[in-house]
Amino acid sequence: MSSQTILITGATAGFGWACAERFAEEGWKLILTGRRQGRLEQLAHRLAPAPVHTALLDVRDAASIEAMLAGLPADFADIDVLLNNAGLALGLAGAQEASLDDWNTMIDTNIRGLCTLTRLVLPGMVARNKGHIINLGSIAGTYPYPGGNVYGASKAFVKQFSRNLQADLVHTPLRVTNIEPGLAESEFSIVRFHGDATKANAVYQGSEPLRPVDIAEIVYWVCSMPPHVNICAVEVMPTCQGCGPLFVHRQSQEG
Ligand code: NDP
Ligand code: 8X3
């Protein structure tokens with residue numbers, strides 16, 4: 001059993017929730033955060049008697065992040081793993097008609113929030129000579145698709161930020177990993193389509209997508225490698241997913 005501590009953003013659903021369960025099984029201390037208080041209470045209750053500290057947190061709010069970190073009980077204060085999981089896609093519209101509010105929310109959450117958490121947690125890790133930053137990127141950060149515009153770009157940021165963090169920290173024992181999943185069933189599509197369950201269900205119809213427990217297993221595996229092994233990136237898709245050819249839009253020959 002471990003006495004290490006993991007801070008998970010977005011623990012109220014999907015990957016974050018599954019990671020909380022996986023790390024609790026291994027005896028880790030858990031700092032669980034998200035914007036839904038009821039879900040945090042439900043998760044803490046489910047994991048009892050695991051050592052859990054919950055904090056209501058919107059990662060877009062830098063002052064709240066600072067307050068959350070300053071308010072950690074002493075036995076949760078030394079964070080060994082920061083799992084930057086909170087994130088979202090909003091909409092699938094083309095760039096010429098997409099909502100600017102949606103774009104800004106994705107930028108503020110997937111980029112700004114992740115950067116703030118990382119910047120504020122890193123000094124303690126460096127001082128203790130121990131730590132691991134695990135980011136939730138996406139295959140959308142590598143492979144473009146129509147309507148992926150800002151979401152994919154935010155995950156491309158996460159990919160390069162992860163690599164650059166690794167460069168900054170190379171003189172330390174700290175590790176940095178970017179997990180890049182493909183199609184995975186969670187609340188992700190419900191959120192993307194602003195609560196439209198019909199559109200969300202259609203994303204997974206007839207396929208066998210990744211499950212949050214699959215991602216949790218990978219995150220745990222990455223953490224449990226010997227300290228000299230840094231898994232830099234993990235690209236993972238369900239077996240039913242693959243890359244398509246580049247397409248060419250051709251002029252109609254008619255008329
Ligand atoms: P879910 O929608 O199931 O979970 C997302 C989590 O992020 C929720 O716990 C939500 O909590 C939290 N969250 C969203 N916005 C904020 C915010 N502003 N502040 C704090 N927490 C927030 O999605 P997944 O579990 O699938 O996604 C987790 C991560 O994995 C995301 O970064 C996503 O981009 C990425 N990903 C997902 C894939 C998929 O197909 N599902 C594939 C590749 C990557 P709450 O609403 O309570 O705040
Ligand atoms: C989520 C996977 O392909 O919907 O990051 O962008 S995808």
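**A parallel sheet, its helices and a bound ligand**

In this predicted model, seven strands form an open sheet in the order E3-E2-E1-E4-E5-E6-E7, and their pairing is parallel. Strands, like helices, are DSSP runs numbered from the N terminus (E, at least two residues, for strands; H or I, at least four residues, for helices), and two strands pair if DSSP finds at least two bridges between them. The edges are taken by strand E3 (52–56) and strand E7 (233–236); each has a single partner strand, so one side of each is left without a neighbour in the sheet. From one strand to the next, the twist averages 15 degrees.

A friendly word on conventions helps here: residues are numbered from 1 along each chain as its sequence is written, while chains are lettered from A and ligands numbered from 1 in the order in which they are written. Local features need pLDDT of at least 70 and side-chain atom pairs count only at pLDDT 80 or more, whereas totals for chains, interfaces and linings use all residues; side-chain values use heavy atoms, leaving out hydrogens and water.

Within the sheet, strand E1 (residues 5–8) runs parallel to strand E4 (residues 81–84), and three bridges join them. Ile6 has Val81 in E4 as its bridge partner. Helix H4 (residues 100–128) packs on the sheet, where it touches E4 and strand E5 (132–136), and its direction makes about 175 degrees with that of E4. Contact here means heavy atoms within 4.5 Å, and the angles, which run from 0 to 180 degrees, are taken between the N-to-C directions of axes fitted to C-alpha atoms, for helices over the stretch in contact.

Towards E3, five bridges join this strand to strand E2 (residues 29–34), and the two run parallel. Thr33 finds its bridge partner in Ala55 of E3. The chain passes from E2 through helix H2 (residues 37–47) to E3 in a right-handed β-α-β crossover; right-handed means that, with the strands pointing away from the viewer, the path from the first strand over the helix to the second runs clockwise. The loop between H2 and E3 holds Pro49, which is joined to Ala48 by a cis peptide bond with omega of about 10 degrees.

Ligand 1 is surrounded by 28 residues, the closest being Thr12, Phe15, Arg35, Tyr151 and Ser186; a residue counts as near if one of its heavy atoms lies within 4 Å. A backbone N or O atom of Val59 lies 2.9 Å from a nitrogen atom of the ligand, and a polar side-chain atom of Arg60 lies 3.5 Å from a nitrogen atom of ligand 1. For Glu187, a backbone N or O atom lies 3.0 Å from an oxygen atom of the ligand.

Ser154, found in helix H5 (residues 149–168), is buried, with a relative accessible area of 1%. Buried means under 20% relative accessible area, exposed over 50% and partly exposed in between, with a 1.4 Å probe and protein chains only. The side chains of Ser154 and Asn110 are joined by a polar contact of 3.1 Å.

Most residues other than glycine have a negative phi. Asn129, in the loop between H4 and E5, has a positive phi near 60 degrees and is partly exposed, with a relative accessible area of 47%. His194 lies in the loop between helix H6 (188–192) and helix H7 (197–204); its phi is also positive, near 50 degrees, and His194 is exposed at 54% relative accessible area.

Conventions. Polar contact = N/O pair within 3.5 Å; in protein donor to acceptor, adjacent residues only side chain to side chain.
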